[in-house]
Amino acid sequence: MSVLPEQLARLFSLPVGRERLQNKIASSPVEILNNRKLANASITRLLIDCFFSCTGTLFYIFSPRDAAELFQSAYMDTAGATKASLGALCALASVASQYDDLEIDGSLRQSYYETAKFYLDECIEEDEVLGMRVLCCLAIYCAMDRRLTAWTWTLTGLKLARLRGLHLNRRPLSTSPEEWIAQRKVLRTLIVLGCWVASTLGINPQIMEAFQPGFHEPFAVLEDHPPFESVAQAQMTSICILTSGVLRDVFLPTELSLVATREYKIKIVDWLSKLPPIMQLESLMQDQDLTLVQRRCTFLVHLNYLGAQLLLYRRHSLYLSTVHRDDSWELDGDVAEALAYAKDALDAATQSSRIFAHLLSERATFKRSWLVIYQSFSACTMLLFHVAQKRLHGVSLAHCEEELSSAETCLTTLHFCSEGDIVAKGYYDMLIFYYRALKITPEHAPTGTAHGSAMQEDLELSSMDGPARLQGESTPDKIVEGVSNLSNHAFQHSRRDGMVPRPPPPPPPQISDSVRRWFPEFTTGPYLRLSRDTAIYQDAPVVGGPFQWSANSIPRP
């Protein structure tokens, strides 16, 4: 396998979303809906139903009864809807209009959104909570379009909630218990959106510290007999708050801390252990009465859980891939712990791919789901990063099939989403390059030689006692040895007394015919060497939200 670092690095800065630049030009009118000019009633009714089949289950914004009353006021009452009611109805419809680009005309989708914005003042004036509901919808609409405006709408909603006193645990005497629960649920949704936007669009959660309750605090809505939807929403809130904490305390700090990682691992494991039976994946096998909507909801909650794990552990994989023979161990924990976290990152990516397979087979996702798009991108990058480490250090393609199969499922998911989402298309176009490159079999790789047999024997010996040997003193050799054991022996730098010595590296393979066919523009110039003694690619570009896929696995020529 040959890798061309400079050309590959250019893909890290792929202009995702550049196709939307034309929308910045004020070249077409935007129609604001009113009582004399409403959208088709059947389309709006359909969008309401779609809303409660997905978003309305994951996030409490409106109840079905609320939506029915809004629809009736707009389409059935002779007096017509108030500005606030029409704005709220259009906000709800705008979210559902994002589900499938092929069904709803783009101009109508824009009209729903712009009408909701146009009447936002009236919604807030009529009732702060109604304004918060509309702001939730506007934030979700913008998140699906990857607009940073989603952050603005979310912060505004949180500020309204604080002005209303919903962050306090005291119910006003003028508010009934039922109303108080509904209002607190809306605040809970805003908290989820804040955490979700921060962890996927890369906003530092420390910005949120001025808002109460803070994103590091649990938030409970007490119900005597919560329905499935409330249970799912509560669990989504808890794991999103944990994810925001991981971003703030583990992923964003300059120095990687195993102590901080350990603390959040305990919290996440505790969340999983307390997951209600109805929300556990086993319930999908045992409870045949769950609807497709409920099954989808359960899958998505677990995708958020796996996303938290990936965010927590993937820095460890990147860090271990840069360790060199002469480096000293500087992390605040032992090597075995770091290796376990890197393995956890790979496991989370693999489990994510299995959930994607279920979602696709059950037709339980839609093309513009940012939760699915972002997690499939994150999982696929981790899987391909792992395969790249193995392939760069001599592991055969046959020993990478499991990870490549999981990566292929993630790519299939991105390809499905790319039919309706430009960012998914950008992610797919970027990652399919790596996937294809990693599946190339070197034409001139040595096979059937004594060198190959010696290396295989070395690999088999190292697999017997890898992590166990790391409990003692942390030496650079042991560090690298452990990494090699973790990645199916992708890093073969270690020297061990009394065992088969590491043979010299084989000559670098030439560029294969398949690379020439797929990427002719990348095959000019001298062949590049894959040095087994360096694993640093300086100034690695950054891609997509807080996920930074470093090119550390690609050595300098």
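This is a short walk through one helix and several salt bridges of the structure above. The model is a predicted one, so please read the geometry in that light.

Let's begin at helix α6, which covers residues 106–118. Its 13 residues reach 18 Å from the first C-alpha to the last, close to the 18 Å expected at 1.5 Å a residue. The helix has a buried set made up of Leu 108, Arg 109, Ser 111, Tyr 112, Tyr 113, Glu 114, Thr 115 and Ala 116. Among the elements covering these buried residues are α2, α5, α7, α8 and α9.

One of the buried residues, Glu 114, brings us to the salt bridges, of which the whole structure holds 20. Glu 114 pairs with Lys 117, with the closest N and O atoms 3.4 Å apart. The two sit 3 residues apart in α6, or about one helical turn. Glu 114 has a relative accessible area of 16% and is buried, while Lys 117, at 31%, is partly exposed.

Helix α4 (residues 64–75) offers another pair within a helix: Glu 69 and Arg 65, 4 residues apart. Their closest N and O atoms lie 3.5 Å from each other. Here Arg 65 is exposed at 64%, and Glu 69 is partly exposed at 46%.

Now for a link across the chain. Arg 146 forms a salt bridge with Asp 421, the closest N and O atoms being 2.5 Å apart. Arg 146 lies in the loop between α8 and α9, Asp 421 in the loop between α17 and α18, and 275 residues separate them. Arg 146 is buried at 12% relative accessibility, as is Asp 421 at 2%. Through shared partners, salt bridges join both residues with Asp 145, Arg 147 and Arg 368 into one network.

How values were computed. Residues are numbered from 1 along each chain as its sequence is written. This is a predicted model: local features need pLDDT of at least 70, side-chain atom pairs count only at pLDDT 80 or more; totals for chains, interfaces and linings use all residues. Side-chain values use heavy atoms; hydrogens and water are left out. The expected span of a helix is 1.5 Å times one less than its number of residues. Buried means under 20% relative accessible area, exposed over 50%, partly exposed in between (1.4 Å probe, protein chains only). Contact means heavy atoms within 4.5 Å. A salt bridge is a side-chain nitrogen of Lys or Arg within 4 Å of a carboxyl oxygen of Asp or Glu.
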